[in-house]
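User: I have a two-part model to go through with you. Can you walk me along it, quick and plain?

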Amino acid sequence: MFRYLSERVVRLLITLFLVLSFAFVILRLSGDPALIIMSPDAPPEAIEAFRKAWGLDAPLWQQYVGYFVNLFQGNFGTSMKDGAPAMQTVLERIPATLAITVPALILQLLIGVPAGVYAALHHNSRIDRFLMGFSIAGHTCPSFVLALLLVMIFAVGLGWLPTGGYGTLQHALLPILTLSLSGAAVLARFTRSAMVEVMGQPYIRAALAKGLSWRQVVFRHALPNAAIPTVTLIGMMVGGLIAGAVVVETVFSWPGEGRLLVTSVASRDLSVVQAILLVVAACMVIANLIVDALYVMLDPRLRSGHRGARA
Amino acid sequence: MNTLSTGLPAPFRQSRSRLAAFFKSWPPLVLMSLGWLLLMLVTAVCAQWLMPYEFSQIDLRARLQPPVLFGGTWAHALGTDELGRDVLSRVVSAIQISLLIAFASTAISTLLGVVLGMLAAHFRGWIENVVLVLIDFQASMPFMIIALAVLAFFGNSLPLFICLMGFYGWERTARISRSLTIASNEQGYAAAAHDLGASASRVYGRHVLPNIASTIIVNITVTFPGVVLLESGLSFLGLGVQPPMASLGNMVGYGREYLQSAPWLLLCPSAVIVMTTFSISLVGDWLRDRLDPSIS
């Protein structure tokens with residue numbers, strides 16, 4: 001068990017290191033930031049001064065080492081546009097994002113998992129087909145189309161809710177609804193297929209054959225086994241809480257992390273983009289770690305030291 | 001699945017007609033999806049001849065004209081946008097661009113995934129570990145974020161954009177083809193082909209690949225709509241396909257400004273996106289049931 005967990009930790013640290021290097025490489029490969037930020041016809045002395053100020057005149061490997069040293073010192077650079085510390089700019093937006101993504105995640109779980117389990121237990125019934133039709137529609141419909149559809153109905157047509165903006169609960173309702181509908185669709189589909197697969201396993205037949213009630217079989221034998229793949233997906237969703245709402249935040253002018261990312265990309269504010277990358281990567285790594293710990297709890301094979309739960 | 005029901009002889013029934021049997025193996029919804037996809041394909045290939053106007057032709061005297069259904073004229077069957085450009089022509093052109101990106105990127109992603117997966121399965125050892133770390137890296141970040149970061153740093157052009165989209169979903173393909181290849185290597189036929197003196201590339205290309213192809217094809221039906229959705233999402237944000245080129249996503253993005261006054265600007269491209277991705281997913285599900293019931 002400890003061997004499994006420590007192996008996962010090492011893998012995740014390597015992943016984090018790769019993400020950081022990825023950020024560095026594209027930051028430096030993308031051309032001279034001095035020329036991107038300053039206009040090309042700026043005086044050469046100004047460009048030189050800019051390079052010096054950002055450490056761009058050192059050899060590449062020194063920049064690479066310096067980059068990691070800076071990261072460990074908590075120095076994430078300043079926004080190239082307004083000079084504010086990039087990490088602070090990024091962290092300030094987190095509460096706004098969480099305000100819509102956390103309720104949306106809870107709704108997704110409340111809708112998606114029961115719908116998936118129900119559909120699987122009534123495999124090939126009319127309700128199953130109906131739910132899965134909804135689910136396919138939900139996850140093939142781009143979130144911006146869904147968002148605009150909801151705006152057309154609830155804001156333009158009925159006039160109940162504002163079309164966008166930030167501040168009150170009414171403003172948050174449509175973004176939350178958009179996020180939870182599409183997420184629930186994916187979750188329902190995934191849960192259903194995990195559950196259908198488990199229900200076909202011999203141990204379920206064995207449990208039924210030895211006379212356990214249907215309820216006991218479902219709750220004690222099927223659900224824990226179906227939970228293992230579903231937990232992976234939920235882990236991805238938790239990791240995506242910070243940046244999972246890029247499109248939705250843009251549609252509803254919600255001042256969260258996603259919109260910050262889009263505006264920084266459009267204006268090429270490289271340090272802010274980089275800081276967002278780091279925050280997202282950190283969240284994903286932590287979420288993955290939690291998922292791995294959950295695996296150990298859910299899967300007795302890992303607890304006793306055997307491998308092979310994740311092929 | 002269905003271990004309880006298989007093996008039982010299906011109750012013999014007078015077949016109502018050949019038609020019923022036909023629709024059982026080809027459900028109407030799947031036929032409709034295939035028809036729609038064919039229509040899209042034909043539209044993309046014959047776009048030059050289908051466009052009533054040049055897609056970027058501006059006619060400021062005919063701005064924001066409604067489509068026929070909203071009381072417009074047949075001169076602009078789907079209306080015109082804020083610059084007087086014909087929406088029908090733009091949709092046709094957008095279908096061409098979006099499908100081009102989706103096909104090219106899916107091909108790149110699948111090729112990358114299959115090759116890396118097979119390399120990992122063939123060499124094992126440190127090569128496999130490198131591939132697995134790359135898979136972990138790709139899977140650990142939401143692709144949208146990676147794409148946005150790359151676009152921020154490199155700027156945007158169509159070839160670059162296609163290559164970028166080509167990284168979408170390769171890790172899933174690689175994971176699948178790695179585990180399938182490992183499994184086939186343990187079966188007799190791969191070893192037999194190898195013992196008969198076939199080179200590694202021949203064993204993998206001529207023997208293993210055809211055996212894992214059905215799963216890869218089903219996987220393509222997952223990657224393809226994913227690329228369509230991603231491309232339209234990025235274009236919607238104004239960071240994907242750049243004007244004057246039209247893509248389904250950027251048409252919706254610009255049409256958003258006219259949500260109340262000219263809703264047709266975004267209705268038509270939205271409908272095309274939804275119907276296309278929906279059709280592919282339906283066809284993919286149906287193919288999976290027919291080809292390979294073992295994967296979810």
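Analyst: One term to begin. The bend at a residue is the angle between axes fitted to the seven residues ending there and the seven starting there. Helices (H or I, at least four residues) and strands (E, at least two) are DSSP runs, numbered from the N terminus. With that, α5(A) has a kink of about 35 degrees, centred on A:Thr97.

User: What are the ground rules here?

Analyst: This is a predicted model, where local features need pLDDT of at least 70, side-chain atom pairs count only at pLDDT 80 or more, and totals for chains, interfaces and linings use all residues. Residues are numbered from 1 along each chain as its sequence is written, while chains are lettered from A and ligands numbered from 1 in the order in which they are written.

User: Back to that helix. What should the 36 residues of α5 in chain A span, and what do the end C-alpha atoms give?

Analyst: The expected span is 1.5 Å times one less than the number of residues. For residues 86-121 that comes to 52 Å, and the end C-alpha atoms are 50 Å apart, which agrees.

User: Which elements of chain A have the highest and lowest mean pLDDT?

Analyst: pLDDT is the predictor's confidence in each residue, from 0 to 100. α5(A) has the highest mean, 87, and helix α2 (residues 33-37) the lowest, 60. Over the whole of chain A the mean is 79, with 89% of residues at 70 or more.

User: Where does pLDDT stay under 50 in chain A?

Analyst: Over residues 306-311. The model has seven contacts beyond four places in sequence for that stretch. A contact means C-beta atoms, placed from the backbone, within 7 Å.

User: Pick a residue in α5(A). Is A:Leu105 buried or exposed?

Analyst: A:Leu105, in helix α5 of chain A, is buried because it has 22 C-beta neighbours inside 10 Å. The cut-offs: buried is 20 or more other C-beta atoms within 10 Å, exposed is 12 or fewer, and partly exposed is in between.

User: What does A:Leu105 touch?

Analyst: Leaving out residues up to four places away in sequence, A:Leu105 touches A:Met237, A:Val238 and A:Leu241. Separately, A:Ser180 is 75 residues away in sequence but 6.5 Å away in space, C-alpha to C-alpha.

User: New topic. How many helices and strands in each chain?

Analyst: Chain A has 14 helices and zero strands. Chain B has twelve helices and zero strands. Of the 311 residues of chain A, 39% count as buried; of the 296 in chain B, 42% do.

User: And the box for chain B?

Analyst: Its C-alpha atoms fill roughly 75 × 65 × 30 Å along the principal axes.

User: Which residues touch the most other members of the largest nonpolar core?

Analyst: A:Ile276 and B:Leu148, out of 131 residues. Helix α8 (residues 169-199) of chain A gives the most to this core, 16 residues. A nonpolar core is a set of buried Ala, Val, Leu, Ile, Met, Phe, Trp, Tyr and Cys residues joined through C-beta atoms within 7 Å. B:Leu148 touches A:Leu261, A:Val265 and B:Leu239, not counting residues up to four places away in sequence.

User: How many residues does each chain put into the contact?

Analyst: 41 from chain B and 45 from chain A. On the chain B side, α6(B) supplies the largest share, nine residues. That side has 27 nonpolar, twelve polar and two charged residues. Here Ala, Val, Leu, Ile, Met, Phe, Trp, Tyr, Cys and Pro count as nonpolar, Asp, Glu, Lys and Arg as charged, and the others, Gly among them, as polar.

Conventions
Contact = placed C-beta atoms within 7 Å.
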